[in-house]
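Welcome! Here is a short briefing to help you find your way around a structure you have not met before. Take a look at it first, and then read on.

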Amino acid sequence: MSEPIEPSTSSSSSTKDPAFLIHPRREPFEHGLLSIPKLIFADPTQTLVPLKHKLIEQSPSHRVNAAAISESLQISIDLARLVLDTLASVLHLESDPLVQAKPDGVDEVGADVHDLVLFLYIQSYKKLLPRTHKDSAAVADVWPSTSAFDGYLSALSPLQLVRSNSRRFVPSQADEEAHQLSYLQKHLGNLVSLLAEPVEGEGEESLVLTMERLEHLGFLIQFGDKGSESGHLSQYAPFFANSDPDMPAVPVPAAQVHEWILNNIASALENISERISPKENGLPSSSDQDVPMADACTSSTKGSTCVRGSSFIEGISKSSLVRHASDLKGPSVKVLNCHDSVIYILAPLRYATVYGCSDATIVLGAVGKAVRIEHCERVHVITAANRICIANCRECMFFLGVNQRPLIVGDNHKLQVAPYNTFYSQLEEHLSEVGIDATINRWNEPLPLGAVDPHDSLSHPAGVSDAQAESATRVDPDQFTTFLIPNWCGGEPHGSTKVNPFPLPEAYVESQDRNKNLGEVKQLLREAPLEDNRKRELSTALHVYFKDWLYASGNIRQLYCLQGE
C-alpha cells in the first residue's frame, strides 16, 4: 500500500481561470506541523493504513478521542490532546463537530479517522529551504536530512539566520505554494490510498473513492482563491459534479481521482512558473516592495499587500502601523521583517504569522485559529488567540490571552510570558466573533516540544538529538504594566470594551494597584511648595529620566508615528 496509485494514461484539459486553479491549503503546512518525533514515520502509508483500519474497528462512528490516539500512537494523553487541538485549528470545514466543539468538549467529540490519518501523514513534510542551500533539491522532501550548511546556520541567532539569506532568496509565497504542490504531487497516490476502499469481493486492487471520502482531501487542497469559502471539493470533480443530491453518488476508481488531481496540480504549477519567471528576470513584484516610512504611519492600506486570503505587512521600520478589519482583504495576516516599530492589527482573524521581526511591539486583535511567531528577537507580542506557537525566538515577551497551552518549539532563548495586558473598543466583539473564551487563559502553561524542529532544517545543526526546547519564564508582576493603545490611530470603530476582558491573576492585580499610586505621587509633585527655579530643575530632571526610560524600555517606538506627523 505504500506505492502511489498509478494514474491512467488519459488526460483532461485544464484551465488557467483563477476560479478553477487548484491550490494547497496552507494552514495545515503552516500551523499544523508538530515537533513530536513519534508522529513522523519513515513510510507513512505502511504505518497509517493499518492504523486507520484499527481505529475504524474500534469506533463505528469513525471518530476517535485522545485516549484512542494515545494508545495507538504510543504518546502521552497530553500530546494526544495536542494532536486533537491542532487538527481542529486547521480543519477545512467549519461545520465539522471537532471545529465546533468548545475547549472542554474536544475530546468528547473526537476527530474523524480520515482527517486524522491525513494530518499524521503530512507530519513528514519538510519546509522549503532557501534556494542558496546547496542540497535543497535533495533534502526538500526527505526526513531526516543533514548538511554541513545546517551546522553553520545553527550558530546564528534566529534573526541573523533570516538576514543571512538576502531577501531575494527568502522563499516567496509563490515558491512556498509550488513546494507544497510538489509535495502533494509526489505523495498524492499514498494520500488517495488512505481514503480509498476496495470494492466488495474484488480485493485491494480495485480501490474506489466515494464522494464523502473525496471531501476529506479538501483538508489539503482547494480550488479558487477564496480559501474555505471556495466550496466542497466534489463540486469541482467532473465525476461528481452532476450527482443527484437526493441519491448517493456512485464511487469512482481511485486511479481516476488521482489522475484528475495530478492534472490540476500540473496546471497550477505551470501557472506559478509563469507568474514567478518575471521576478527571476529582475522584475519586482508588489509583495517584494518595502513600505516607505511615511506611508507606514497611517491607517490606509499602503502598508500591506494581499495574496489569496492573506494580508501581508512587510518591511516596516522605525514607524507605527494600524490596521482595522476594513483595511484587511482576508482572514489571515502575516507580519514579515519589521523592525523598531509598533504594529496594531485590531481585527478579528483566523490565522496570524509573525516572522523575522526585531525590536518591535505587535498587537494582534483576536485570532480564532492559530498564531505562529518565528525567528524573532526582542519582540513584544500582545494577542488574544485560541492557540499560539513560538519557534526559534530570542528575548521576546508574550502577553497572552489564550485558550490552549502556548507551544514552544525549536531553538529559543530567554522567552517570557505574561497575562494579556491591553484592550481596544471592539475587542470583546472580536473575541465573540472568532470564538475565544476570555474566561479561559492558559498563558502560564507553556508546553515545550522539541528543541530540534523536524520540519525546519535550518534551525539546528546536523546530528543533534531531539532535546526539549527551552521553556518560557513568567514576567515578574512588579514589571507588569497595562499596554495602552493610543487614540491617535484614528478611524477606530466604536465598541463597548472599556477594560481588559481577561481576568488577571491576583499577583498582577496587586502590582497594578501599586502602580496606580503613581497618580498620587504626581499630584504631590504638582503641589510641592517649591520655588519656580527649583520646579524647573525638577521638571528637567524628570524629562531626562523619562527619555532614558523611553529608550531603555523600547517605548520610544510608539512615538515614531507622532514624529512622522
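A good place to start is strand 16, where Met 397, Phe 399 and Gly 401 point one way, while Phe 398, Leu 400 and Val 402 point the other way. Residues on both sides are buried. Please keep in mind that this is a predicted model.

**Strand 16 and its neighbours**

- Strand 16 covers residues 397–402 and is mostly covered, with 6 of its 6 residues buried.
- In a regular strand, side chains alternate between the two faces of the sheet.
- Strand 14 (residues 380–385) runs parallel to strand 16, and 6 bridges join the two.
- Strand 18 (residues 416–419) also pairs with strand 16 in the parallel sense, over 4 bridges.
- Phe 398 is a handy residue to locate: it is the bridge partner of Val 381, and it stands opposite Val 417 in strand 18.

**Aromatic pairs**

- The model has 11 aromatic pairs.
- One of them joins Phe 29 and Tyr 183, whose ring centres are 6.0 Å apart with planes at 85°, so the pair is edge-to-face.
- This pair links distant parts of the chain, since Phe 29 sits in helix 1 (residues 26–31) and Tyr 183 in helix 11 (residues 173–195), 154 residues apart.
- Are these two residues buried or exposed? Phe 29 counts as buried at 2% relative accessibility, and Tyr 183 counts as buried at 3%, because buried means under 20%.
- Trp 443 and Tyr 508 make an edge-to-face pair too, because their ring centres are 5.7 Å apart and their planes stand at 90°.
- Trp 443 lies in the loop between helix 15 (427–434) and strand 19 (447–448), and Tyr 508 lies in helix 16 (residues 506–516), so the pair ties together parts that are 65 residues apart in sequence.
- Both Trp 443 and Tyr 508 are buried.
- Elsewhere, Phe 223, Tyr 236, Phe 239 and Trp 260 form one aromatic cluster.

**Confidence**

- The mean pLDDT of the chain is 80, and 73% of its residues reach 70 or more.
- Where is confidence highest and where is it lowest in the chain? It is highest in strand 14, at a mean of 98, and lowest in helix 14 (residues 293–296), at a mean of 36.
- Residues 1–15 have pLDDT below 50, and the model gives this stretch 37 contacts beyond near neighbours in sequence.
- Over residues 283–302 the pLDDT stays under 50 as well, and the model has 41 contacts beyond four places in sequence for them.

Technical notes:
Residues numbered from 1 in each chain as written. Heavy atoms only, no water. Buried < 20%, exposed > 50% of the residue type's maximum accessible area, 1.4 Å probe, protein only. Pairing = 2+ DSSP bridges. pLDDT = per-residue confidence, 0-100. Contact = heavy atoms within 4.5 Å. Phe/Tyr/Trp six-rings, centres within 6.5 Å; stacked < 30°, edge-to-face > 60°.
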